[in-house]
Structures are given as C-alpha cells and as structure tokens.
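Here are a few exercises to work through with a structure open beside you. Take your time with each task before you read its solution.

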Amino acid sequence: MMDSDYPSFENPLYSELKYFCKKVQEAYKELKEDLTPYRDDRYYRLAPMRLYTLSKRHFVLVFIVFFICFGLTVFIGIAGPKIIDASTSSGSTLLMPNSSLKTGSFHLLSRPLSTYNQQLWLTCLIQLDQANGVNIGREFDMNVEIKGVMQDASVMHINNDVHHKKRSLHCGSKCEEIIVVHLGYLNYTQYQINVSFQKLEDLKYNIKEVNFTWKFYNSAFSQVEIWFRFVFVVITFMVTCLFAHSLRKFSMRDWGIEQKWMSILLPLLLLYNDPFFPLSFLVNSWFPGMLDDLFQSMFLCALLLFWLCVYHGIRVQGERKCMTFYMPKFFIVGLLWLSAVTLGIWQTVNELHDPTYQYKVDTGNFQGMKIFFMVVASLYILYLIFLIVRACSELKNMPYVGKAFHCALVSYILFNSSWIRCIFS
C-alpha cells in the first residue's frame, strides 16, 4: 500500500533490485516451461518427427505405398513355388506279409531328403466302407517305430523304442486325417517308419484303404525364403542406421515416446527377420528353429507393448513413472510372452524325445494353458480399447497427436486383421 501511495519516497536502489528479481523470476518460469514437456507444447521442443508435418495427401500416399509393397509380396508368394510338397501312398501296397488294413503293420520309406526340406510330417487317412451320413468316433492305439537312414545307407533307430500312442478316429462323410509323426528338423537323409494299429479289429465297418501322406517343405520355397529374409534383414539394417543417424544431433532426453520405441522396435525387427536363419540349413539341430521362434515372440510382444505405451502416453505427457505407467503393461504383455514361449519350448522338447507327440492330443494341460493365454489376451484387448477411448477425448486439445494416433490405430487394425486371418485359416 505504501509503495503505490508514495512512489516518490521509494529508494531507487530498492526499485532497481525489485525489478531485477522480477525479471529473474520470469526468466526462471520460462526456462522451467521450456524444460518441462507438458501437453502439446512438447511437440515443438522434442526431436522433430516427419509424421507431424505430413499433409492428408502425404499421409494417404504413405499407406498406398505400403499396400502396394504388401500386395507385391503377396503376388510373389502366390506366383512362387509351393510351400509344402506331399506324396501319398496306399496302405494296401505297404502292408507287411500276413497283415490286414485293420491292424497293419505298414512299412513306409520316405523319399531322399535334404536340410532344405526343413521338417517332415507323416499323416494317415482311413477310408471306411460305410453309409453316408453315419458319424463314427472310436479310440484306438497306434504303434510307431522310426528309423533314420544315413548317407552311407546304414540304419539307425530313433529313440530305440516303439512309440505307443492313443488316437481318435472321427468319421462323418469322410474320416479326419491323423498325424502319425512330426520331425522338427531332419537329421537323416531318409526315414523308415513302421506303423501298426490296435483295437480296430472289431470295428463295425470295413476299412477300404489307409492312405499315408509324407509332407515336407519344398526345397525351392526354402531357397526363396532364405533370399527374402536376407533382403528384409538388409533393408531393416539400413533403416535402423538411417534412423540412428537422423537422431544423432539430439539427446535421448529430447526424443518423443514414438522415437524411443522405434529405437527398440527396429533392432527387434532385425531379429524378427532372423539373420541366423541360414544356420538351420547348415546345422542339424533344433536350436536355430527355437531361436527363430524366440525372436518372433519378442518382436510381436514388443509391438503389443508399444501400442499400450503410445495410447497411454497421449494422456500422460509429463514424467512417466515406472511403477504406475510401465509395470502394468509389462505384466500383461509379459504373461502373453511367457505363455507363448512356454508352449513353444514345451512342444519342441517333447517332440525331440517323442516324434509322435502332439500337444493337442497327448497333453491335458494344453487346454488349460490355451485358456490362460486367451484370458490374458482378452484382458490386453480390453485395456487397449480403454486407452484408445480415453486418448480420443484428448485429441481435441492436442492437434499434433491426431496423426500419430491414427497411424498407430491403422497399424493395430492391420496387425489384428492379419493375425485373426492366420488363426482361422
């Protein structure tokens, strides 16, 4: 009150000091606002992103180029060699002396194989002499003996025993195909397999034929796959180097959440394309295949975690604490990754000890693991939908976020549509 009523009596030195302190306080507030990334102002201070300066025409053009490249790869896949080669033999020509189609034994010899064939399946299809429309369900035992033929024509027993498995015969208009053997990698140039049945002798209907089918990867497809993976590994490596080069002038503290995640996703994409894939053709081992599965699961789960963080990060523009922001997302996605890796390791280890192993038939716990995976996946989807809905409410206050939001949403829709198509195909 005294300062306003009696300005002439104020000490000039005191006025200058007060004015200086006021300017220092204003400068401190401006500096604090510049260093604190609140709301949409952060997009003017962080490392620039080309995405935020794209016009609608350029935005549409990016996705048109993407679909053209995607369509080109699909066309190459359709016009290229077949993925799976198959050869079928009639069981009546494979019967051992004094045997019948209801019991066997059937003696089968595969064609010469190489590492380019990657994997081997043997299936059987039983044809019954039955009236159309009659449904048949029957449990029976299958005995399988597996031998490997070396390059010097010597024969080696695999696991040194006969595998006894319970299988189900389901027939409607035609019987379902039964997987006899699956070999995840090929350790021999040829395979001899003896198959016999039990508990089918009293079957009401006669067996007209038992067709055995060998299935393996086409050698030409394996060579195309090697080149495809090599090209994508090189492209991903070049993009990763260009991305790192473009951000070399900026401190990591100035990177946006999208740029930080791209620095994680690009190296994982490089592993997803698997630069070690040719090892599976040079080494007769289960390890390269397991490594490929591990890299794929890591990249896909990192992508799921990226969507959660990006949509939640639209609303949380300040400091993102580890416990409240990242830990719930790591927990949900970590359960998905753990269940997927567990199922893969479980199947691989069991198939190494028993090539006749089938997780859908021989493991009661598989259904429990599958239900657990679906529950966690449903929880993830609900959480993501919640974050997307909440992020939509913030878009009107953040004009620069809209393009990033729509870009992430379109990528999420494309990923899910391809994933659902793979499940039901």
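The exercises below use a predicted model, and each comes with a worked solution.

**Exercise 1. The open sheet**

Task: Find the order of the strands in the open sheet of four strands, and say which strands stand at the edges.

Solution:
- Step 1. Trace the neighbours across the sheet: the order is E1-E10-E4-E8, and the pairing is antiparallel.
- Step 2. Look for strands with a single partner. These are strand E1 (84–90) and E8, so each has one side left without a neighbour in the sheet.
- Step 3. Check the twist: on average, neighbouring strands of this sheet are turned by 20 degrees against each other, direction ignored.
- Step 4. Inspect the pairing at the E1 end. Seven bridges connect E1 with strand E10 (residues 206–217), and Ser90 has Asn211 of E10 opposite.
- Step 5. Move to the E8 end. Strand E4 (residues 120–129) and E8 are joined by five bridges, with Leu122 facing Val181 in E8.
- Step 6. Ask how covered E8 (residues 178–183) is: five of its six residues are buried. E8 is thus an edge strand of the sheet and also a mostly covered one.

**Exercise 2. A hairpin**

Task: Describe how E2 and E3 are connected and paired.

Solution:
- Step 1. Follow the chain from E2 to E3: three residues make the hairpin connection.
- Step 2. Count the bridges. Strand E2 (residues 95–100) and strand E3 (residues 104–109) run antiparallel and share two bridges.
- Step 3. Pick out a pair: Leu95 has Phe106 in E3 as its bridge partner.

**Exercise 3. A salt bridge between strands**

Task: Locate the partner of Asp141 and work out which parts of the chain the pair ties together.

Solution:
- Step 1. Find the partner: Asp141 forms a salt bridge with Lys166, and their closest N and O atoms are 3.4 Å apart.
- Step 2. Place both residues. Asp141 belongs to strand E5 (residues 136–149) and Lys166 to strand E7 (residues 163–171), so the salt bridge ties together parts 25 residues apart in sequence.
- Step 3. Compare their surroundings. Asp141 has a relative accessible area of 14% and is buried, whereas Lys166 is exposed at 53%.
- Step 4. Put the pair in context: the whole structure holds seven salt bridges.

**Exercise 4. A network of salt bridges**

Task: Starting from Arg229, trace the network of salt bridges and decide whether its members are buried or exposed.

Solution:
- Step 1. Begin within helix H5. Glu225 forms a salt bridge with Arg229, the closest N and O atoms lying 3.5 Å apart. The two residues are four apart in H5, which means about one helical turn between them.
- Step 2. Recall the helix geometry: an α-helix has 3.6 residues a turn, so residues three or four places apart point the same way.
- Step 3. Step across to another helix. Arg229 also forms a salt bridge with Asp292, with closest N and O atoms 3.2 Å apart. This pair links distant parts of the chain, Arg229 in helix H5 and Asp292 in helix H8, 63 residues apart.
- Step 4. Complete the network: Glu225, Arg229, Asp274 and Asp292 are linked by salt bridges.
- Step 5. Apply the cut-off for buried, under 20% relative accessible area. Glu225 is buried at 16%, Arg229 at 17%, Asp292 at 9% and Asp274 at 3%.
- Step 6. Take a closer look at Asp274. This residue sits in the loop between helix H6 (257–272) and helix H7 (279–282), and has a positive phi of about 60 degrees although it is not a glycine.

**Exercise 5. Two helices**

Task: Check the span of helix H8, then find the nonpolar surface patch that includes Trp227.

Solution:
- Step 1. Work out the expected span. Helix H8 (residues 287–313) has 27 residues, so at 1.5 Å a residue it should span 39 Å.
- Step 2. Compare with the model: the end C-alpha atoms of H8 are 38 Å apart, which agrees.
- Step 3. Look at the cover of H8: 20 of its 27 residues are buried.
- Step 4. Turn to helix H5 (residues 219–246), where Trp227 lies. Trp227 is exposed, at 59% relative accessibility.
- Step 5. Gather the patch: its members include Trp227, Phe230, Ile235 and Met238, and the whole patch has about 870 Å² of accessible area.

Definitions and conventions:
Residues numbered from 1 in each chain as written. Predicted model: local features only at pLDDT ≥ 70, side-chain atom pairs only at ≥ 80, totals over all residues. Heavy atoms only, no water. Pairing = 2+ DSSP bridges. Buried < 20%, exposed > 50% of the residue type's maximum accessible area, 1.4 Å probe, protein only. Patch = residues over 30% accessible without salt bridge, like charges linked within 9 Å, V, L, I, M, F, W, Y side chains within 5 Å. Areas by Shrake-Rupley, 256 points an atom, 1.4 Å probe, with all protein chains shown as cover. Salt bridge = Lys/Arg side-chain N within 4 Å of Asp/Glu carboxyl O. Expected span 1.5 Å × (residues − 1). Axes fitted to C-alpha atoms, helices over the stretch in contact; angles between N-to-C directions.
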